[in-house]
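Work through the exercises below with the model open. Try each task before reading its solution.

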Amino acid sequence: MKAITTAGDMLKAVACVRRFVPRQIAMPIFTRVKIVAENKQVTIEGGSFGEWARAGVVGANVRADGVCVVHGETLYALLSKMPQATPITIASVMGRCQILGQSREASLPTEDPEQYPAFDGQGTQVAALFPIDTLRDALRETLPCVAPDNETRYVLTYVRFNLHGQTLDVEATNGRCAAVYKTDIPYKGIDFNLLVPGNALRKFLAATRLIPGTAFVSISTGGGFTIGVSDIDVTMRPFEGGTTCGKFPNLQGILPKRFVRS
């Protein structure tokens, strides 16, 4: 593998994926990120069992295809110390990942790419397409009502996305408060009704905060729940637990249809 880019462009992609990479986990391989150079582009991938992210490195020049698997935090710390406009060369040499800059170079140990987990929950069917500001508004309204991760009724840590016709409903509740956000979207593919982890949605908001609000976001389903915008794809595993984890309330039947201010 060999590719040329700038430290700033590489750092942006690593910083996005880093939000989904666990810092401490029983399986150390999940603390790594995968650098993939193929089809004339470079992507950074990483995540864990329930969430996965992929970000493209803008403007990268691929000289040779290949894959490197390195420790995510180490790579992020290294790139953070480099001037952002510095051209860098990333190459795989004798089982190590070489990062060469104008005044700094580093050699990181790599893992066997064959041992790196393959996340099989990628959405395959485009279900909806709309401006990212619409999704941001929906999540800002609903995420405050998502239960914390230590909630015993695990289902309440999820957000429901329900697309029917041209209407998208986004719902959340922690048992004490509830929020329902309704909006019409310009393009829809297929109807769906899925529960998506609230914590992963928070990370998505943070990772895409610099993307212009007019950019369109796509939601894909069919095997997983994937949100794609610009050069970033985030895949989340929908809720698959049984009734022992709790049942998501029917908020449409609980909340009043009209609100009257006295």
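The exercises cover two strand arrangements and the helices beside one of them. This is a predicted model, in which local features need pLDDT of at least 70, side-chain atom pairs count only at pLDDT 80 or more, and totals for chains, interfaces and linings use all residues. Residues are numbered from 1 along each chain as its sequence is written, and side-chain values use heavy atoms, without hydrogens and water.

**Exercise 1.** Trace the open sheet of five strands.

*Solution.* Start with the order: 5-1-7-8-9, with antiparallel pairing. Strands are DSSP runs (E, at least two residues; helices are H or I, at least four), numbered from the N terminus. Pairing requires at least two DSSP bridges. Next, find the edges: strand 5 (61–64) and strand 9 (105–109) each pair on one side only. Then look inside: five bridges join strand 7 (residues 87–93) to strand 8 (residues 96–100). There, Thr89 stands opposite Leu100.

**Exercise 2.** Place helix 1 and helix 2 against the strands.

*Solution.* Helix 1 (residues 7–18) touches strand 1 (2–6) and strand 7, at about 100 degrees to strand 1. Contact means heavy atoms within 4.5 Å. Angles run from 0 to 180 degrees between N-to-C directions, with axes fitted to C-alpha atoms, for helices over the stretch in contact. Helix 2 (residues 72–80) lies across strands 7, 8 and 9, running at about 175 degrees to strand 9.

**Exercise 3.** Follow the pairings of strand 16.

*Solution.* Strand 16 (residues 216–221) pairs antiparallel with strand 10 (residues 125–131) over six bridges. Ser220 is the bridge partner of Val126. Four bridges join strand 16 to strand 17 (residues 225–229), also antiparallel. Here Ile219 stands opposite Ile227. Finish at the hairpin: three residues lie between the strands, and Gly222 takes a positive phi near 95 degrees.
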